[in-house]
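Trainee: I am new to this structure and would like to learn how its descriptions are justified. Could we take the terms one at a time?

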Amino acid sequence: MSYVIEGKTGSWEIVVGLEVHAQVVSKSKLFSGASTTFGAEPNSQVSLIDAAFPGMLPVINKECVVQAVRTGLGLNARINLESRFDRKNYFYADLPQGYQISQFAHPIVGEGTIEIELSSGETRKIGITRLHMEQDAGKLIHDQDPTKSMVDLNRAGVALMEIVSEPDIREPEEAGAYLRKLRQILRYLGTCDGNMEEGSMRADVNVSVRKAGEPFRTRCEIKNVNSIRFVMQAIEVEAARQVEIWENGGEVDQETRLFDAARGETRTMRSKEDAHDYRYFPDPDLLPLVIEQGWVDALKAALPELPDAKRTRFQSDYGIPFYDAGVLVAEQSVADFYETIAKGRDGKLAVSWVTGDLFAALNRTGKTIETSPVSAEALGKMLDLIADGTINGKIAKEVFEDMVETGEGPDAIVEKKGLRQVTDTGVIDAAIDAVMAKNADKVTEYRSGKDKLFGFFVGQVMKETKGKANPALVNDALKAKLDG
Amino acid sequence: MSLDLATTRRIAKLARIGLEDAELETVRQKLDGILGWVDQLSEVDVEGVPPMVGTETEALRQRDDAVTDGNCRDAILSCAPEKSGPFYTVPKVVE
């Protein structure tokens, strides 16, 4: 089921590669000791190095190297024990140095792979070409003055990882799945918070189109797309634009474009016309970065369990389906929450409560798993009450809603509201007798062959006992009495 | 190797250096001279010799991840050609 664009001259397929800029989680910047905290007063987190004062020398932040290597390991990628820093030269108001320190010919991380899952349930491997470290630029603010742009350098010099994929993506959906999976891995590793709204993860999208079996045609790069949805939209509209050009006998120019979400189109980014000649050269202020295999191995041994491994383990440890396991591991906090409940309990029952009632309650109350009004321990306790027969599944829903509302523990709620399950067969028999007496006509119908009425009787008996009767006991007793 | 005028103009443009047409040939000759001088290096046979990245023998110095700098906005902005409040300002650049 691949994505094709039907043109006048036949079907076109799309070829997409993504360059993701992921801001490294670190306290201070890549080459200076200024803070990286988001949202500070403009220009308050800028050192003389970040502002490119003459004579200032960069010193690399060890933690950023650790984070880049850990990310590489999480992407099953080759770690290069020697890498180098180069200057990428261009002029722009957000780049005080006049060059970005980046890694061009010798990145710290080489080829790797990410496995993505599509809505069809199919999985695909997308190749990673490389990951390198570089400096982020500052921020320009255009809406404060009619003739001036304001420059805030707080972000200038913050460490980025540029993660480049192979042109393996063939559908907008795959691009979305790739970004979600990459973000998941980064968040599990704690190397990038993956927050696209705050700009800590941004994507440049390379798009070209071709007829099946052809070599690659000219591609365009769409810069700085800041949401997964926009990436998917940008690919669609850009591919359609290119198909139209080719089909009208034109040539697609290799260029940098911007995605305008409001208009749903891409357009040329004029200022970058000359920018492809970056005149890279080795940064004379920085020696090659040399790391040891033993150090890399130690980082690898200390990596947390990543989403794919966790998913497989959840399936086998807790006997839950592939799909459910995928929902749980999408966020590490959800996976942890689930595991606290599921450990030593019925894993399937636990997943249905977490992804069903709990998610619904969080949605309704505008809370997240971190701020959940019901703790994992409390929900686990409630499952214990179901398991030991203190309450039945129906009453459990009521107890749960009460927990959401009051934050009280399930024991307290059951006691306070007298919700303990009725297992006294005398009480259940009495309830059945009462229901049968009230519905003599239905009893007759049932006995003359209308079996479907059984459900009706169960419902009435549960109602009679205010939902507290043990359903299995009710079933047995009811069957005996009706048939008898 | 000989540098042509078009390339000279392009290099100047990339470096944001404005050159009058009258100056162009002089600059071309000077640059060409520098390139020719450096190009003598290509006479050396380096077959099988690994590229040298510097004369330093020490490894790249690394620092701990701690906030030790910043919070010096006034000092930084004091050198700005143009500023407004907490910002540097530049002629409007909008895509």
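Mentor: Let us begin with pairing: two strands pair if DSSP finds at least two bridges between them, where strands (E, at least two residues) and helices (H or I, at least four) are DSSP runs numbered from the N terminus. This is a predicted model, in which local features need pLDDT of at least 70 and side-chain atom pairs count only at pLDDT 80 or more, while totals for chains, interfaces and linings use all residues. Residues are numbered from 1 along each chain as its sequence is written, and chains are lettered from A and ligands numbered from 1 in the order in which they are written.

Trainee: Which strands form the open sheet, and what makes a strand an edge strand?

Mentor: Four strands form the open sheet, in the order 9(A)-10(A)-3(B)-2(B), with antiparallel pairing. An edge strand pairs on one side only, and this applies to strand 9 (139–141) of chain A and strand 2 (83–84) of chain B.

Trainee: How do you know that strand 2 and strand 3 of chain B pair?

Mentor: Strand 2 and strand 3 (residues 87–91) of chain B are joined by two bridges in the antiparallel sense, and because the definition asks for at least two, they count as paired. Within this pair, B:Lys83 stands opposite B:Tyr88 of strand 3.

Trainee: In what sense do strand 3 of chain A and strand 1 of chain B run?

Mentor: Those strands run parallel and are joined by two bridges, and one residue of strand 3, A:Asn61, has B:Arg63 in strand 1 of chain B as its bridge partner.

Trainee: How many residues of each chain are in contact with the other?

Mentor: Contact requires C-beta atoms, placed from the backbone, within 7 Å of each other, and by that test 44 residues of chain A are in contact with 32 residues of chain B. On the side of chain A that touches chain B, strand 10 gives the most, with five residues.

Trainee: What makes a group of residues a nonpolar core?

Mentor: The members must be buried Ala, Val, Leu, Ile, Met, Phe, Trp, Tyr or Cys residues joined through C-beta atoms within 7 Å; buried means that 20 or more other C-beta atoms lie within 10 Å of a residue's own, exposed means 12 or fewer, and partly exposed is in between. The largest such core has 62 residues, and those with the most contacts inside it include A:Val205 and A:Ile235. Its largest share, eight residues, comes from helix 2 (residues 172–189) of chain A. A second, separate core of 32 residues includes A:Ala342 and A:Leu379.

Trainee: Why is A:Arg279 called exposed, and B:Asn71 partly exposed?

Mentor: A:Arg279 is exposed because it has 12 other C-beta atoms within 10 Å, whereas B:Asn71 has 16 such neighbours and is therefore partly exposed. A:Arg279 has a positive phi of about 45° although it is not a glycine, and phi of B:Asn71 is near 55°, also positive in a residue other than glycine. Most residues other than glycine have a negative phi.

Trainee: What radius of gyration does chain B have, against that of a compact globule?

Mentor: Chain B has 22 Å, whereas a compact globule of 95 residues would have a value near 12 Å; the radius is taken over C-alpha atoms, and the globule rule is 2.2 Å times the number of residues to the power 0.38. Of the 95 residues of chain B, 9% count as buried.

Methods. Two residues are in contact if their C-beta atoms, placed from the backbone, lie within 7 Å.
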